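User: Please choose one part of this model and take me through it closely, in connected prose that I can follow with the picture open beside me. I would like each term explained where it comes up.

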Amino acid sequence: MTAPAISIVTPCYNAASFVLKSVESVLAQTFSDFELIVVNDGSSDDSLAILKTIDDPRLVVIDQPNGGVMAARNHGIRVARGTYLAFLDADDGWREDFLERMHGALAARPDTVLAYCGWQNLGLPGARSDPFVPPDYENEGKAEALLYECRWPIHAVLVKRALVVEAGAFDETIRTAEDYWLWLRIAPQNPIVRVPEVMSYYLHHGNQRSTAKNALCKALDRWHIRRNFIERYPEQVAHLSRRRLRELTLGRLLDRGYESYWQRDLATARPIFRIVMRQAYGTVGDWKYMLPAWLPESWHRRLIGWRDKET
């Protein structure tokens, strides 16, 4: 069989209520030279049965025991045949011309290895559902900007498969932000291109829960990823001062701590503050907020209550 231009990898775990809509958003694409690889990751609901009802030769369904989303994506990558890879989770969707516009952007500039676009949350209140287009990172400060934050989700990217394979695909030892670590191993070192349009969508649904444990895990994973990047690619950050590197690692971790603190999520903020203090980072003003993290949590909350009354 002739290899398709694009391989799309979709991990699926207990997604019976929305996987069909996600698959339909792919099959309706104006660019048709693709294969859609859906990896059913040990679902216990009707996901696999639903997938088997779809009659389209471009759809490849793989059934595997539950191994987690990263193992499912890596399985899809191993069997993919396309020149380019795209990733679409079972509760995500694309505008009908996503593949056409992204493939066109890469084809117009053969030296580029990755295209990214704007995105939008669906199902969240207020400004959290506003459409967003990431900045143009392709400039002299690209490595520093991406180290500070990579502001595109996994389903807003089209990337050359060879680069993903060369980078080792997704690191299955990371609990969260695995896509961020993959992009850091590809994007700073190679030309990338922005498509400044909102073409990818993330559906938020009722069974998604954000816990303090998850928030802390995400913050620490991103801290470790940034440190790993600096250690692995010293040439990418050689022009940055030690102070700036600490801002990009410990400073960004402290930012996450403050976000949790102002939401009164002390279960996340307190361990972050203690890590930052152990690294002797922060201003005098920061330490005034961080020091109470050494107190018992009940005392810490009482102190915050007194401060709130005073203001």
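Analyst: Two strands are taken to pair if DSSP finds at least two bridges between them. The strands themselves (E, at least two residues) and the helices (H or I, at least four residues) are DSSP runs, numbered from the N terminus. The model is a predicted one, in which local features need pLDDT of at least 70 and side-chain atom pairs count only at pLDDT 80 or more, while totals for chains, interfaces and linings use all residues. Residues are numbered from 1 along each chain as its sequence is written, and side-chain values use heavy atoms, leaving out hydrogens and water.

The part I have chosen is the sheet, together with what lies around it. The sheet is open, has 8 strands in the order 3-2-1-4-7-6-8-5, and is of mixed pairing. Strand 3 (59-64) and strand 5 (92-94) stand at its edges with a single partner strand each, so one side of each is left without a neighbour in the sheet. From one strand to the next the twist averages 30 degrees; angles such as those given below run from 0 to 180 degrees between N-to-C directions, with axes being lines fitted to C-alpha atoms, for helices over the stretch in contact.

At one edge, strand 5 runs antiparallel to strand 8 (residues 192-203), and 3 bridges join the two. Asp92 has Tyr202, in strand 8, as its bridge partner. Helix 1 (residues 19-27) packs on the sheet, where it touches strand 1 (6-12), strand 2 (34-41) and strand 5, and its direction makes about 165 degrees with that of strand 2; contact here means heavy atoms within 4.5 Å. Helix 4 (residues 98-108) lies across several strands, among them strand 1, strand 4 (84-87), strand 7 and strand 8, and runs at about 160 degrees to strand 8.

Strand 4 deserves a closer look. With strand 1 it pairs in the parallel sense over 4 bridges, and Ser7 stands opposite Leu85 of strand 4. With strand 7, strand 4 pairs in the antiparallel sense over 3 bridges, and there the bridge partner of Tyr84 is Lys160 in strand 7. Both faces of strand 4 are covered, since Tyr84 and Ala86 on one side and Leu85 and Phe87 on the other are all buried. Buried means under 20% relative accessible area, exposed means over 50%, and partly exposed is in between (1.4 Å probe, protein chains only).

Phe87 leads on to Arg73, which has its place in helix 3 (residues 69-79). Not counting residues up to four places away in sequence, Arg73 touches Val9, Pro11, Phe87, Asp89, Ile154, Phe170 and Glu178. Arg73 is buried, with a relative accessible area of 3%, and its side chain makes a polar contact with the side chain of Glu178 at 2.7 Å. A polar contact is a pair of N or O atoms within 3.5 Å; within protein, one must be able to donate a hydrogen and the other to accept it, and residues adjacent in sequence count only if both atoms are side-chain atoms.

Aromatic rings also link loops that flank strands of the sheet. Rings of Phe, Tyr and Trp (its six-membered ring) pair if their centres lie within 6.5 Å, and planes under 30 degrees apart count as stacked, over 60 as edge-to-face and the rest as tilted. A search of the whole structure finds 13 aromatic pairs. In one of them, the ring centres of Tyr137 and Trp152 are 5.8 Å apart and the planes are at 75 degrees, so the pair is edge-to-face. Tyr137 lies in the loop between strand 6 (114-122) and helix 5 (142-148) and Trp152 in the loop between helix 5 and strand 7 (157-160), so this pair ties together parts that are 15 residues apart in sequence. Tyr137 is buried, at a relative accessible area of 4%, and Trp152 is buried as well, at 4%.

One backbone detail beyond strand 7 closes the tour. Ala169 lies in the loop between helix 6 (161-166) and helix 7 (178-184), and its phi is near 60 degrees, a positive value in a residue other than glycine. Most residues other than glycine have a negative phi. Ala169 is buried, with a relative accessible area of 11%.
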